[in-house]
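This briefing introduces the aromatic rings of one structure and the charged groups placed over them. Please view the sequence and the structure first.

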Amino acid sequence: MTAHRMPAAEVSVSVGLVRRLLDAQYPELAGLPVEVLANGWDNLVCRLGEDLLVRLPRRAAAAGLVAHEQRWLPELAGRLPLPVPAPVRVGRPTDEYPWSWSVVPFLPGRIAAPAEFDAPWEAATALGGFLAALHTPAPPEAPVNAFRGIPLAGRAEGVRAALAHLEPADRAAALAIWEAAAAVPVWDGPPLWLHGDLHPANILVHQGRISAVIDFGDLTGGDPATDLSVAWMLFTEEQRDGFRPAYGRADDATWERARGWALALALVFLSHSADNPLMRGVGERTLREVLA
């Protein structure tokens, strides 16, 4: 499968920029040490002292996602059973840097991978319970996302194009799974709050347990099947038997759509991972679980 590199930054982001922004807007934090933690598709993330992070969008598209976190995470955080990075400071645009930015708590942990779990069944039930708490009706003013939480028909063109790059045996099996998922009834309940981008790189594990869920920029309202796809990204079939009852309200149609979402996202990860072996690995694992 052809893999594409992550997009280039649209503005120059650096430790020096972080220091200048803190100096001007939050001088009480300006003396803390700053070091780059991650420079990803959407954000530069820097460690700020022992307890904080700074997140700076590196693309205009990501700036809107940070605004979603700033607006909604403080409101949602109090009812969620796992820590989330609700901003503790909101930075303003300047002449040098055009977008809002955030200071958030540092949440300890490593990116989730099955090998990191001391008790995978416990991890599955913890994540299922987290999504049960998150998936409540979203208000009319919730962010709209054209790509997540939507009916599977909206992903069909991209899925069919990506399927062409799979090996013939996998392609036939994946197409059958996709068609089965696309054929079930669409979500007919109210739009529910969704994380929107729930994959292993946005889940942290500390001391063998899920410790936090991060990166809520794609927060939106819609079909919960989008988020439930994470069950194929992290867990085996047996462990999904713990995840689903912990979530508690995924009927058969929702579960089938979730499998379809897992396939669609696996194909996205595989086709956009030329310089990201972590996400390629997530795509490969998810595809294996979907096809199993």
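F243 is buried, with a relative accessible area of 0%. The model in which F243 appears is predicted. F235 is likewise buried, at 0% relative accessibility. The two residues introduce the topic of aromatic contacts, and the structure holds seven aromatic pairs.

**A pair across the sequence**

- Among the seven aromatic pairs is the one formed by Y26 and W101, whose geometry is edge-to-face, with 6.1 Å centre to centre and 80° between the planes.
- Y26 lies in the loop between α1 (15-25) and β1 (34-39), whereas W101 belongs to strand β5 (residues 101-105), so their pair ties together parts that are 75 residues apart in sequence.
- Y26 has a relative accessible area of 14% and is therefore buried, the limit being under 20%.
- W101 also counts as buried, at 1% relative accessibility.

**F235, F243 and their cluster**

- F235 and F243 form a tilted aromatic pair, with 6.1 Å centre to centre and 40° between the planes.
- The angle of 40° between these planes is neither under 30 degrees, as stacked rings require, nor over 60, as edge-to-face rings require, so the pair counts as tilted.
- One aromatic cluster is formed by F117, W232, F235, F243 and W255.

**Charged groups over rings**

- The ring of F106 has the charged end of R47 over it, 3.6 Å from the ring's centre.
- R249 lies over the face of Y247, and the distance from the ring centre is 5.0 Å.

Methods. Residues numbered from 1 in each chain as written. Predicted model: local features only at pLDDT ≥ 70, side-chain atom pairs only at ≥ 80, totals over all residues. Heavy atoms only, no water. Phe/Tyr/Trp six-rings, centres within 6.5 Å; stacked < 30°, edge-to-face > 60°. Helix = DSSP H or I, 4+ residues; strand = E, 2+ residues; numbered from the N terminus. Buried < 20%, exposed > 50% of the residue type's maximum accessible area, 1.4 Å probe, protein only. Lys NZ or Arg CZ within 6 Å of the ring centre and 35° of its normal.
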